[in-house]
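Work through the following exercises with the sequence and the structure in view. Try each task before you read its solution.

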Amino acid sequence: MMELINVSKRFIARREDLLALSGINMRVGDGEFVCVVGPSGCGKSTIIRIINDIIKPSSGRVVVDGFTYEKNAPIPHKLIRRMGFIFQIPNLYPWLTVRENIRLPLDIFGLRGQKWMNHADFLIEKAGLSSCADQYPGSLSQGMSQRAGVVRAMVHKPDILLMDEPFGALDERTRERMDFELLDIWRENGMSVVFITHNIGEAVLLAQRIYIMATAPGRIIDTLRVDLKKRDMSSFEDARFEEYSSRINNAIGNILLEKAV
Amino acid sequence: MEKTADEARTRLYLRDAFRHIAAQAALPVIALALWHVSVTWFDVPEWQIPSPPAIIKAMGADFRAILPHLITTYGNVLVGFTMAAAIGIALAIAIYFNASVGIAVTPFINLMCIMPLITLVPLLMLWLGFGSKAKLVAVVIQSFPIINLNALSAFAGVNPLRLELMESMKATKYQKMRCCILPDSLPGIFTGVKLAAVLALTAEVTSEITGGNAGLGARIIQYTQYMKMPQAFACVFYIAAFGLIFYQSLSFIERKLTKNY
Amino acid sequence: MNKRDAFAQKVPSLGNMVDLPVENIMAPVLKRAWMKKFLYPMILSGCLVALWQWCVNFFQLPGTVMPGPLSVVRALRTNFGNIILPDLLFTLKIIAAGYAISILTGFLLAALCSQSKWLSRSIAPIAVMFMVMPTIILIPIFMVFLGFSPIVRVIVVSLQCAPIIMLNTLAGFTAMEPSHLEMLSAHGCSKWQIFTKYTFFNAMPRIFTGLKLGCIISIIAALGSDFAMGKTGLGYRIKISSSMVALDMVFATIIVAALLGIIMFEAVSFIEKRVIVWR
Amino acid sequence: MRLGPKKNFFVLENISKSYGENHVLTEITLYVNEGEFVCILGNTGCGKSTLLKIMGGIELPDEGKVIFQGTPRERKNTPASQSCFGMVFQKDQLMDWRTVYENVRFPLEIFGVNGADGPSRVEEILDVVGLKKFGNLYPRELSGGMRQRAAIARSLVHDPNVLFLDQPFDAVDAISRKALSFELLDIWRKTSKTIVMITNSIDEALLLGGRVVVMSDAPSSIAGTFEVGLLHKEKTGDFRESQAFWSLRRKIRQTLECRQLCEEAV
């Protein structure tokens, strides 16, 4: 159970004070798939970095299963081990082979047992990366390296998965395939996922709850509960899918219009 | 069919390799031939400009006389260079771990890079005598600032995304250095190392010419005083050959270490 | 496809034979806040000089072993006009001539080599050899038939400094992004238009790296060649005063040479900041 | 509209291209009429970018001809031959050392169309793409969407007859991608240029394209051509409800994945 309690973040960019986030209140239950959707520049990437304590909030605090961390209280180490972070660019180290890249979190968290190595190999096998496990990431396609990035974030068995527009750079077809694979992984492991995206269709397909954000200052303007029956190829043509997408579009649209007028 | 394709490819590769070597060898061969022809044609006396065969004969005949000086020069440069590399990189790592060291040391090292430290050679000779101690100090002083500065700029110029991955796992400073910063900054470090190699050889030869009688530089001065030009040219050739081999081996090591970046 | 692949693409390139000791010689470390850059070093060097003066007084070191900063300043003031200044001007003339020649030959050769792969493949190894070999060792050989004339030193400085500038400029000219080239050929640009409108600006950072390196190396070569020969020049002044064990003169001249190096380098960096506005 | 759109304004006659052993394009023939908006769809790695480079004159086909207004294109492209084409690439290819204004003015310098109306032409185009206020910024100070707008402005400033776009909105986030595609639609409607666009998203192709050409995987040839009969009214409104849209989308999806599912199974 994770909660952000009126978190706000102030950046000093080019000598003027930029309020990136103001008064964010978010709640992610155990095993819940939550999406955050918003135009670029609404601070959605900052939220996920505050949860993972990469960026310190200017005010407000984050509570995860009773542990709180905020501006000057760092995140307890136990909590870090329970989080996996996936970037938009796969971010594999070119000097390590794919297998070593995937085992990197084990090395950092000091999980050295053979049990963990087998677990890593099992995940590599399941993700279909075993054919290129001993190659260097330079020769991988974008889809494969993003897949390796996902596996790397899950190798230390986290129960919170933080994903910052992971499939943003892929073309439509690979993105759909990766979305469905992510859904299968999420159903099997039952972890809670915070998924950041700017693609509204992808958010509606994946999420149980969607937070819609607006820019300047970054704030949550609406929350949407999505309950599609079956989340697969056919759900694209489900009438409710249309209704959710247009509702998000309108919410974001008239904010932009407001600003334009 | 398969065999001929391979054959064609290897033949193509060989032809290309041959062309490559021919192009590289073209100018030196022409220069030597021109030199030889002009020397014999204008029958320039031996003591003014020796012809290439005369130099090669001198290299062979006087090898035993030149050998000790060869060893002192090569030895000084290699020992001085490795000490400088060790100091430079260790200092850079120390600055990474403790920024206040950086504040104290970096401005001076930046100045030491710019200032011609070759001017200290006579002073060092005065204090440390004409032996190889002064030469070693001159070589170290001349090359360690460049290595340190380039190592520092490589550490500062690490790809921020790769660092953010380490941040997301709350890696300790040591882990960040070992897993991400050091490998990523290898190309930068080698840039400084190769430049320092050039400067180390220059410092060594200059200090040999300035004082003392050990080392190839001093031998060149003596040979020219006694008008034994073939031996002088032989020493020049030994120094040039050492410089080239030293530089190319450093580049080779760099290519090996960073082949899959 | 990162820059390295673009480097090895069909564009005439040096291949990986010549890996250039180049890149950002002046690190972002220098770009710290003004405080760190000027105030702290001032204070620290102030303390060092004070410490130096205290040691000289405390241990009563004789002038022949370690002169105090005050005696160095005194020597500097008294001898600057008549002795150090002519040497400084002489060495400055040599460095300027050598640097100018090497810039000209460097750019010329680089422009030539960037046109044809074969030319660059044959000239580049020669340039690397001259870069790596300290050309000071050629001085005794040139002196045999050129005597003590300053031409020898100018040749030595330009031979040492030209390869570095040429190789860096050439790397700048050949490190073109293939995607940018596609955009240019979509407009049907001629070779000359590509050079003036794209290659020249794209290579600017690498050219200035080469110029900065060349500046450092030309000063080292000039002062080194003073040690080897000649009757005038800062290097010769240092050598003579140290052989006469007049250490305050030695320190004075070393400080002048150091200032010369710093001023030249900062001048080139200043020009770079004015030219490369878009960084 | 000028005197009736000319048929076969831009023609590709059985173009084929291969790099060493791997054949990329095999016998592609494509007719584009004047003022038409053609979208080329294909999976990644099917050689559609190569096809566009051949149309734009950047690369030469191994066989086949590119015919523009009846005259085949010669081998060497010169400013004169290229001045009637505009191109937008996947990455925006802006020159970092030039301000946005100078970047957009670049084609005028090459095609020699400066003179008096040059600056006003650049101002007008910047206004059309909404970068009026950002004229003297450097590209590194712009967001992804704005850089792509500048690239589009640069490709339109010399008023080309045919505009080629190679997945122009891939690097932009989805929301401003929709805004940019609507803007492109406006520009197309106002200036009635011929536009050939490559994309890998079916929705974008249906939104923008009057005709959608689907390419099969490498070695690729044309797998199918679909006339998008949706009226403009439906296109600007929320066009996803109309039944024609969904059936067309399913058909295109099939040809893309070239699994010939029988009609009822879907």
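## Exercise 1: Two domains in one chain

The model is a predicted one, and the area buried between domain 1 of chain B and domain 2 of chain B is about 370 Å², with carbon and sulfur atoms giving 85% of that area.

**Task.** Describe which residues of domain 1 of chain B lose the most area to domain 2 of chain B, and state what kinds of residue that side contains.

**Solution.** Begin with the bounds: the domain assignment of chain B places domain 1 at residues 1-44 and domain 2 at residues 50-258. The contact between them draws four residues from domain 1 of chain B and six residues from domain 2 of chain B, while the C-alpha centres of the two domains lie 32 Å apart.

Next, look at the side that belongs to domain 1 of chain B, where W35(B), H36(B) and V39(B) lose the most area to domain 2 of chain B and together account for 89% of what that side buries. Sorted by class, the side of domain 1 of chain B that touches domain 2 of chain B has three nonpolar residues, one polar residue and no charged residues.

Finally, count the polar links: between domain 1 of chain B and domain 2 of chain B there are zero salt bridges, and one residue pair is in polar contact, with both residues at pLDDT 80 or more.

## Exercise 2: Which chains touch?

**Task.** Among the four pairs of chains that touch, find the pair with the most contacts, and then describe the interface between chain B and chain C.

**Solution.** The pair with the most contacts, among the four pairs of chains that touch, is chains B and C. Two other pairs can be set aside: no contact joins chain A and chain C, whose closest C-alpha atoms lie 9 Å apart, and no contact joins chain B and chain D, whose closest C-alpha atoms lie 11 Å apart.

Now take chains B and C in detail, where 61 residues of chain B are in contact with 67 residues of chain C. These two chains bury about 5800 Å² between them, and 79% of this area is on carbon and sulfur atoms. In chain B, the residues that lose the most area to chain C are I103(B), I114(B) and T119(B), which together make up 10% of what that side buries.

The last step is again the count of polar links, which gives zero salt bridges between chain B and chain C and one residue pair in polar contact, both at pLDDT 80 or more. The side of chain B that touches chain C has 41 nonpolar, 16 polar and four charged residues.

## Exercise 3: A salt bridge between chains

**Task.** Which side chains meet in a salt bridge across the interface of chain D and chain A?

**Solution.** First establish the contact, to which chain D gives 16 residues and chain A gives 17 residues. The area buried between chain D and chain A is about 1600 Å², of which carbon and sulfur atoms give 48%.

One salt bridge is found across this interface, and in it the side chains of E176(A) and R253(D) meet at 2.5 Å, N to O. Five residue pairs are in polar contact across the interface of chain D and chain A, both residues of each pair being at pLDDT 80 or more.

To finish, consider the elements: α9(D) gives the most to the side of chain D that touches chain A, with five residues. The residues of that side of chain D divide into five nonpolar, four polar and seven charged.

Terms used:
Residues are numbered from 1 along each chain as its sequence is written. Chains are lettered from A and ligands numbered from 1 in the order in which they are written. This is a predicted model: local features need pLDDT of at least 70, side-chain atom pairs count only at pLDDT 80 or more; totals for chains, interfaces and linings use all residues. Side-chain values use heavy atoms; hydrogens and water are left out. Domain bounds come from an automatic or database domain assignment. Contact means heavy atoms within 4.5 Å. Buried area is the accessible area (1.4 Å probe) that two parts lose on being put together, summed over both. A salt bridge is a side-chain nitrogen of Lys or Arg within 4 Å of a carboxyl oxygen of Asp or Glu. A polar contact is a pair of N or O atoms within 3.5 Å; within protein, one must be able to donate a hydrogen and the other to accept it, and residues adjacent in sequence count only if both atoms are side-chain atoms. Ala, Val, Leu, Ile, Met, Phe, Trp, Tyr, Cys and Pro count as nonpolar, Asp, Glu, Lys and Arg as charged, and the others, Gly among them, as polar. Helices (H or I, at least four residues) and strands (E, at least two) are DSSP runs, numbered from the N terminus.
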